[in-house]
Amino acid sequence: MIEEEGVNNARFKVLEGLLRLRQICNHPRLVEKSFKGTSANFELLMETLDTLQAEGHKALIFSQFVQMLKLVQAELRKRRVRFSYLDGQTRNRQAAIDEFQTDPEIPFF
């Protein structure tokens, strides 16, 4: 594409490709909704969260991709692990923060 259209014309396609690669590394389902497999990075995250919870730690989980947070949220619910959640759609942000900070039974935010 760069050879055919030049660097300036292909720039956005290259950036989009890099974005998709980053998403696939988090979990292929971020790019392909029908993907049924798993992701090594996702599994490592869940193992790390299991360890943190077993050791009584609290943790913040960040992602640039809200859909990734939704996948984590679904897995935590499946495992019956309590958590607080906040994204750009959250209305009462302070309540979510307060819940996480004050409830010792909520290990993840």
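Relative accessible area sorts residues into three classes: buried means under 20%, exposed means over 50%, and partly exposed lies in between (1.4 Å probe, protein chains only). The structure is a predicted model, in which local features need pLDDT of at least 70 and side-chain atom pairs count only at pLDDT 80 or more, while totals for chains, interfaces and linings use all residues. Residues are numbered from 1 along each chain as its sequence is written, and side-chain values use heavy atoms, with hydrogens and water left out.

**Exercise 1. Determine the accessibility class of Arg80 and describe its backbone.**

Solution.
Step 1. Arg80 is located in the loop between helix 3 and helix 4; helices here are DSSP runs (H or I, at least four residues), numbered from the N terminus.
Step 2. The relative accessible area of Arg80 is 77%, so the residue is exposed.
Step 3. The phi angle of Arg80 is near 60°, a positive value in a residue other than glycine.
Step 4. For context, most residues other than glycine have a negative phi.

**Exercise 2. Trace the salt bridges of Arg79 and state which network they belong to.**

Solution.
Step 1. Apply the criterion: a side-chain nitrogen of Lys or Arg within 4 Å of a carboxyl oxygen of Asp or Glu. The count by this rule is seven salt bridges.
Step 2. Arg79 pairs with Asp50, with 2.9 Å between the closest N and O atoms. This pair links distant parts of the chain, since Asp50 belongs to helix 2 (residues 40-54) and Arg79 to the loop between helix 3 (66-78) and helix 4 (93-102), 29 residues apart.
Step 3. Arg79 also forms a salt bridge with Glu75, where the closest N and O atoms are 2.8 Å apart.
Step 4. Glu75 has a relative accessible area of 16% and is therefore buried. Salt bridges that share partners join Asp50, Glu75, Lys78 and Arg79 into one network.
Step 5. Asp50, at 36% relative accessibility, counts as partly exposed; Arg79 is partly exposed as well, with a value of 32%.

**Exercise 3. Characterise the salt bridge between Asp87 and Lys70: which parts of the chain does the pair tie together?**

Solution.
Step 1. The side chains of Asp87 and Lys70 meet at an N to O distance of 3.8 Å.
Step 2. Asp87 lies in the loop between helix 3 and helix 4, whereas Lys70 lies in helix 3, so the pair ties together parts that are 17 residues apart in sequence.
Step 3. Asp87 is buried because its relative accessible area is 9%, while Lys70, at 32%, is partly exposed.

**Exercise 4. Identify which helix supplies the largest share of the largest nonpolar core, and list contacts of Leu76.**

Solution.
Step 1. A nonpolar core is a set of buried Ala, Val, Leu, Ile, Met, Phe, Trp, Tyr and Cys residues joined through side-chain atoms within 4.5 Å.
Step 2. The largest such core has 16 residues, and those with the most contacts inside it are Phe42, Leu49, Ile61, Met68, Leu76 and Phe108.
Step 3. Helix 2 and helix 3 each contribute at least two residues to this core, and the largest share, five residues, comes from helix 3.
Step 4. With neighbours within four places in sequence left aside, Leu76 is in contact (heavy atoms within 4.5 Å) with Met46, Leu49, Val81, Phe83 and Phe108.

**Exercise 5. Describe the surroundings of Ser39 and Gln23.**

Solution.
Step 1. Ser39 is placed in the loop between helix 1 and helix 2. Its relative accessibility is 5%, so Ser39 counts as buried.
Step 2. A polar atom of the Ser39 side chain lies 2.9 Å from the backbone oxygen of Asn26.
Step 3. Beyond neighbours within four places in sequence, Ser39 is in contact with Cys25, Asn26, His27 and Pro28.
Step 4. Gln23, in helix 1, is buried because its relative accessible area is 11%.
Step 5. The Gln23 side chain makes a polar contact (a pair of N or O atoms within 3.5 Å; within protein, one must be able to donate a hydrogen and the other to accept it, and residues adjacent in sequence count only if both atoms are side-chain atoms) with the side chain of Arg20, at 2.7 Å.
Step 6. Outside four places in sequence, Gln23 is in contact with Pro28, Leu30, Val31 and Phe65.
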